[in-house]
Amino acid sequence: MSYRQKKSDIDRDRVLDFINSVYKNDEKYIDLREYAKENNIPIISESVRDLLFVVLEVKKPKTILELGTAIGYSSLLMSECTDSSITTVENYEERIIKAKENFIKYDKKNKIKLIEGDISEVLIDLEKENKKFDFVFLDAAKGQYIKWLPHIKNIMSDESLLFSDNIFHNNDVLESRYLIQKRDRTIHKNMREFIYSIVSDSEFMTKIINVGDGISISIKKNEK
Ligand SMILES: C[S@@+](CC[C@H](N)C(=O)[O-])C[C@H]1O[C@@H](n2cnc3c(N)ncnc32)[C@H](O)[C@@H]1O
């Protein structure tokens, strides 16, 4: 095995352990990360967390929309690195309760607005209200991304950024559809369609980034 191959084979956990040791394991919301792990609640990976942090630090959006709150972990993280107002959407009752508890616990109730409802409906309401966001973090039902995309575009301000998580869908998206179990084929098809759409859309500049389970970052071009 070549040196290069050996390096690429290093266990990801070891890499993460190293990074965490460099950070001195001082993550503020580590209790939420542990709670999510113990209760099988999907939240952003540590590498996505770090990328999100850097992008927000550079972009400094004034308004953020998060689609998919879960227990509020990523909303809280985003509130740490920006002064923006954050709106986040969730429809799973148990998670809504937990997220609200967490926003109170960390004194972010005034900074983070939680909309309880289905993203499909909430997006239409936001469009009707002519709301605009400088940053959209898309992290919800993967099979719906393509359906939500036109609505998301309508509520993005010029030069707004769409940050989408889990676009490889556990690497299923990389496989031929014939290797995917029948029940997962719709998500596979929809996610591929989403990826092709954001990359080919002339109103976006999109890059796909091999971090976590696949990220895409799309910048909405200024129309002026
Ligand atoms: C991956 S989790 C979000 C994790 C969170 N962004 C974090 O990293 O801390 C996705 C969440 O989206 C929610 N969700 C999925 N589809 C939804 C929909 N149609 N409307 C509202 N919430 C939805 C799920 O209930 C789930 O809690």
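**Strand pairing, ligand shell and core**

Leu67 stands opposite Val89 of strand E2. This pair belongs to a predicted model, in which strand E1 (residues 63-67) and E2 run parallel and are joined by five bridges. E1 and E2, together with helix H5, form a right-handed β-α-β unit. On E2, Thr87 has Lys113 of strand E3 as its bridge partner. The pairing of E2 with E3 (residues 112-116) is likewise parallel and extends over five bridges. A right-handed β-α-β unit is also made by E2, helix H6 (residues 93-105) and E3. Strand E2 is mostly covered, with five of its six residues buried.

The ligand is surrounded by 19 residues, of which Gly68, Ala70, Tyr73, Ser74 and Asn91 are the closest. At least two residues of this shell come from each of three elements, namely helix H5 (73-81), strand E2 (85-90) and helix H7 (119-128). H5 and E2 are thus parts of both the shell and the β-α-β unit that includes E1. Sorted by class, the shell comprises 10 nonpolar, five polar and four charged residues.

The largest nonpolar core contains 47 residues, and the members that touch the most others are Tyr73, Val136, Leu138 and Phe163. Strand E4 (residues 133-138) contributes the largest share of this core, five residues. In soluble globular proteins, nonpolar side chains tend to be buried together. Tyr73 is listed both among these core members and among the residues closest to the ligand. With neighbours within four places in sequence left aside, the contacts of Phe163 are Leu52, Val55, Phe135, Phe137, Leu138, Ile215 and Ile217.

Ile155 is located in the loop that separates helix H8 (145-154) from strand E5 (156-165). Ile155 is classed as partly exposed because 18 other C-beta atoms lie within 10 Å, whereas 20 or more are required for a buried residue. Outside its neighbours within four places in sequence, Ile155 is in contact with Leu126, Glu127, Lys131, Lys132 and Phe133. Ile124 is 31 residues away from Ile155 along the chain, and the C-alpha atoms of the two are separated by 9.5 Å.

Helix H2 (residues 12-22) lies largely in the open, because the number of buried residues among its 11 is zero. Just after H2, Lys24 adopts a positive phi of about 60°. Most residues other than glycine have a negative phi. Asn40, although not a glycine, has a positive phi of about 55°. Asn40 is placed in the loop between helix H3 (30-38) and helix H4 (46-59). Asn40 counts as exposed because it has 6 C-beta neighbours inside 10 Å, and the limit for this class is 12 or fewer. A positive phi of about 55° is also found at Asn170, which is not a glycine. Asn170 lies in the loop between E5 and helix H9 (185-200). With 11 C-beta neighbours inside 10 Å, Asn170 is therefore counted as exposed.

Methods
Residues are numbered from 1 along each chain as its sequence is written. This is a predicted model: local features need pLDDT of at least 70, side-chain atom pairs count only at pLDDT 80 or more; totals for chains, interfaces and linings use all residues. A residue is near a molecule or strand if its C-beta atom, placed from the backbone, lies within 6 Å of it. Helices (H or I, at least four residues) and strands (E, at least two) are DSSP runs, numbered from the N terminus. Ala, Val, Leu, Ile, Met, Phe, Trp, Tyr, Cys and Pro count as nonpolar, Asp, Glu, Lys and Arg as charged, and the others, Gly among them, as polar. A nonpolar core is a set of buried Ala, Val, Leu, Ile, Met, Phe, Trp, Tyr and Cys residues joined through C-beta atoms within 7 Å. Two residues are in contact if their C-beta atoms, placed from the backbone, lie within 7 Å. Two strands pair if DSSP finds at least two bridges between them. A crossover is right-handed if, with the strands pointing away from the viewer, the path from the first strand over the helix to the second runs clockwise.
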